[in-house]
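Work through the exercises below with the structure open beside you. Try each task before you read its solution.

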Amino acid sequence: MAAKTRDHLTDQLFKAILSLKDEGQCSNFFEDICTISELKSMAQRLEVARMLDAGSIYEEIVEKTGASTATISRVKRCLVYGADGYNSVMPILKKEAKPDAE
């Protein structure tokens, strides 16, 4: 999959994202580069990944996120067979979720 998506334009995008210094810059950048729908879709897929990683079932994920079962299946496939993009951020999401749980 990576070979199909990687080119000088995507590399430029990834470098731009990596150059962002804080959450404010990140928010501003994504607000400019994405439509509201695109940004909400990405956020939804990340929450689906987090919930799948936590062991949630499809019905619970649909109810909480509004994601379709097709989206949930695609995210699950990426978690299991993908490039480990979701899996690479799960420790960060888990770490940030702990203070809320305590």
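**Exercise 1. Place Glu47 and find its partners.**

Task: Say which helix holds Glu47, how exposed Glu47 is, and which residues Glu47 touches.

Solution. Start with the location. Glu47 sits in helix 4, which covers residues 36-53. Helices here are DSSP runs of H or I with at least four residues, strands are E runs of at least two, and both are numbered from the N terminus. Before going on, note that this is a predicted model: local features need pLDDT of at least 70, side-chain atom pairs count only at pLDDT 80 or more, and totals for chains, interfaces and linings use all residues. Residues are numbered from 1 along each chain as its sequence is written, and side-chain values use heavy atoms, with hydrogens and water left out.

Next, exposure. Glu47 has 21% relative accessibility, so it counts as partly exposed. The scale is this: buried is under 20% relative accessible area, exposed is over 50%, and partly exposed is in between (1.4 Å probe, protein chains only).

Now the neighbours. Leaving out residues up to four places away in sequence, Glu47 touches Lys64 and Thr65. Contact means heavy atoms within 4.5 Å. With Lys64 there is also a polar contact, side chain to side chain, at 3.0 Å. A polar contact is a pair of N or O atoms within 3.5 Å; within protein, one must be able to donate a hydrogen and the other to accept it, and residues adjacent in sequence count only if both atoms are side-chain atoms.

Last, a distance. Glu47 and Asn87 are 40 residues apart in sequence, and their C-alpha atoms are 12 Å apart in space.

**Exercise 2. Describe how helix 6 packs against helix 4 and helix 5.**

Task: Give the angle, axis distance and residues for helix 5 with helix 6, then for helix 4 with helix 6.

Solution. Take helix 5 (residues 58-65) and helix 6 (residues 69-81). They pack at about 115°, and their axes are 10 Å apart. Axes are lines fitted to C-alpha atoms, for helices over the stretch in contact, and angles run from 0 to 180 degrees between N-to-C directions. Helix 5 passes helix 6 in a right-handed crossing. A crossing is right-handed if the near helix is turned clockwise from the far one by less than a right angle, and left-handed if anticlockwise.

Now list the residues. Helix 5 gives Tyr58, Ile61 and Val62; helix 6 gives Thr69, Ile72, Ser73 and Lys76. By class, this contact has 4 nonpolar, 2 polar and 1 charged. Ala, Val, Leu, Ile, Met, Phe, Trp, Tyr, Cys and Pro count as nonpolar, Asp, Glu, Lys and Arg as charged, and the others, Gly among them, as polar.

Turn to helix 4. The axes of helix 4 and helix 6 come within 9 Å and cross at roughly 65°. This crossing is right-handed too. On the helix 4 side are Arg45, Val48, Ala49, Leu52 and Asp53, which meet Thr71, Ile72, Val75, Lys76 and Leu79 of helix 6. The classes here are 6 nonpolar, 1 polar and 3 charged.

**Exercise 3. Classify the aromatic pair.**

Task: What kind of pair do the rings of Phe29 and Phe30 form, and why?

Solution. Begin with the count: the structure holds 1 aromatic pair. The ring centres of Phe29 and Phe30 are 5.5 Å apart and the planes stand at 90°, so the pair is edge-to-face. Rings of Phe, Tyr and Trp (its six-membered ring) pair if their centres lie within 6.5 Å; planes under 30 degrees apart are stacked, over 60 edge-to-face, and the rest tilted.

Compare the exposure. Phe29 is partly exposed at 22%, whereas Phe30 is buried at 19%. Phe30 is also touched by Met42, a residue of helix 4.

**Exercise 4. Check two loop residues.**

Task: Is Ser56 buried or exposed, and what is unusual for a non-glycine in the phi of Asp84?

Solution. Ser56 lies in the loop between helix 4 and helix 5. Its relative accessibility is 15%, so Ser56 is buried. Ser56 touches Met51 and Ile61, not counting residues up to four places away in sequence.

Asp84 is in the loop between helix 6 and helix 7 (85-101). Its phi is positive, about 70°, although Asp84 is not a glycine. At 45% relative accessibility, Asp84 is partly exposed.
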